[in-house]
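User: Please take a close look at a single part of this model, namely the open sheet and what packs on and around it. I would like one connected account rather than a list.

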Amino acid sequence: MAASVRRCAVAWLVPAAGLLALLTGPGALGKRSEVTVLTDGTWRQLLQGEWMIEFYAPWCPACQNLQPEWEKFAEWGEDLEINIAKVDVTEQPGLSGRFVITALPTIYHCKDGEFRRYQGQRTKNDFISFISDQEWKSVEPVSSWFGPCSVLMSSMSALFQLSMWIRNCHNYFTENVGMPVWGSYAIFALATLFSGLILGLIMVFLADCLCPSKRHRPQQHHYQKKLAPESARLLKKLDEEQEADEEDLSDDEAEDKELADRNSSTNASDL
């Protein structure tokens, strides 16, 4: 009797435990977020397919107000066949520079590598209409010169990453090492001067290699072609004839001058 009671209790406990797991599991709290978090290393997946990307900062009040609407919009991503992503500009300064983020939050639409900036209302329904009605087609795409894949924006991204690295180093020197602020500034000033000196030397060296000065320029010898014996004799003969003509011309000029002197002296005596 006791054994049958235990079997009945176990038979009731197993379904009850399963039901409790369903009620308290992730499904009971709503749909799991489908927002993709992008970084400097993964942003190139935007170049394939259709995306909506939000650039935000945790401290920004407008970004905080947008987050619930963005999460709700992400639940429609599968139905709209679009990927939803977000970028924390405080953690990814390179992407902030690559996309020239000057205001928060900033939202971009991307379709097969073509980027457009979203300027509409920031509600779930407006986002859905922007995609389902293809309102993005009426928005002028970002020029290829200023696109995130361009050389200009890649350089801007590197500059932003460098600035963040300098800031982290400054915080490390002042907070962890205990260095005074002026000491950290002095280190960066010396590093800037030293790097500028090295860069200047490299540029001077390259300029001297490409365009050497006249002092160091090697003497240029005229290339003399080896002539055939007949050609050499012909040229020699022409040179001799030219010299003879010059001598004859000099003799004629001397005779003319002498005759002119005689005529002038005769005229003077007659007078």
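Analyst: What follows goes from the chain as a whole to the sheet, then to its last hairpin, its aromatic pairs and the loops beside it.

This is a predicted model, and the values below are computed from it. The chain holds eight helices and five strands, and from the N terminus on its elements run α-β-β-α-α-β-α-β-β-α-α-α-α. Of the 271 residues in the chain, 23% are buried. Among contacts between residues at least 6 apart in sequence, 65% join residues at least 24 apart.

The part in question is an open sheet of five strands, with mixed pairing and the order β1-β3-β2-β4-β5. Its edges are β1 (36-37) and β5 (114-117), and because each of these has a single partner strand, one side of each is left without a neighbour in the sheet. At the β5 edge, that partner is β4 (residues 106-111), and the two strands pair in the antiparallel sense over four bridges. Two helices pack on this sheet. Helix α2 (residues 61-74) touches β2 (50-56), β3 (83-88) and β4, and its direction makes about 160 degrees with that of β2. Helix α5 (residues 124-132) touches β2 and β4, with a direction at about 145 degrees to that of β2.

The β4 and β5 strands deserve a slower reading, since they form a hairpin with two residues between them. Next to the turn, Lys111 has Glu114 in β5 as its bridge partner, and elsewhere along the pairing Tyr108 stands opposite Arg117 in β5. One of the turn residues is Asp112, in the loop between β4 and β5, whose phi is near 55 degrees, a positive value in a residue other than glycine. Most residues other than glycine have a negative phi, and most peptide bonds are trans. Asp112 counts as exposed because its relative accessibility is 54%, above the 50% cut-off.

The loop between α4 and β4, which leads into this hairpin, has two further backbone features. Val100 is placed in that loop, and its phi is near 50 degrees, again positive in a residue other than glycine; with a relative accessible area of 40%, Val100 is partly exposed. Pro105 lies in the loop between α4 and β4 as well, and a cis peptide bond joins it to Leu104, with omega at about -10 degrees.

The aromatic side chains can be read against this frame. A pair of aromatic rings is described by the distance of the centres and the angle of the planes. The count of aromatic pairs comes to 10. One of them is formed by Phe55 and Phe99, which are 5.0 Å apart centre to centre with 45 degrees between the planes, a tilted arrangement. This pair links distant parts of the chain, as Phe55 is in strand β2 and Phe99 is in the loop between α4 (93-98) and β4, 44 residues apart. Both Phe55 and Phe99 are buried. The rings of Tyr118 and Phe130 have their centres 4.8 Å apart, and because their planes stand at 85 degrees, this pair is edge-to-face. Tyr118 lies in the loop between β5 and α5 while Phe130 lies in helix α5, so the pair ties together parts that are 12 residues apart in sequence. Tyr118 is buried, with a relative accessible area of 8%, and Phe130 is buried too, at 4%. Ring pairs also link Trp43, Phe55, Phe99, Tyr108 and Phe115 into a cluster. Phe55 thus appears both in the tilted pair and in this cluster, and Tyr108 of the cluster is the residue that stands opposite Arg117 in the hairpin.

Beyond helix α5, the chain comes back to the hairpin through Val139, which lies in the loop between α5 and α6 (151-176). Leaving aside residues up to four places away in sequence, Val139 touches Arg116, Arg117 and Phe130. Val139 is also 9.8 Å from His109, C-alpha to C-alpha, although the two are 30 residues apart in sequence. Its relative accessibility is 23%, so Val139 counts as partly exposed.

Terms used. Residues are numbered from 1 along each chain as its sequence is written. This is a predicted model: local features need pLDDT of at least 70, side-chain atom pairs count only at pLDDT 80 or more; totals for chains, interfaces and linings use all residues. Side-chain values use heavy atoms; hydrogens and water are left out. Two strands pair if DSSP finds at least two bridges between them. Contact means heavy atoms within 4.5 Å. Axes are lines fitted to C-alpha atoms, for helices over the stretch in contact, and angles run from 0 to 180 degrees between N-to-C directions. Rings of Phe, Tyr and Trp (its six-membered ring) pair if their centres lie within 6.5 Å; planes under 30 degrees apart count as stacked, over 60 as edge-to-face and the rest as tilted. Buried means under 20% relative accessible area, exposed over 50%, partly exposed in between (1.4 Å probe, protein chains only).
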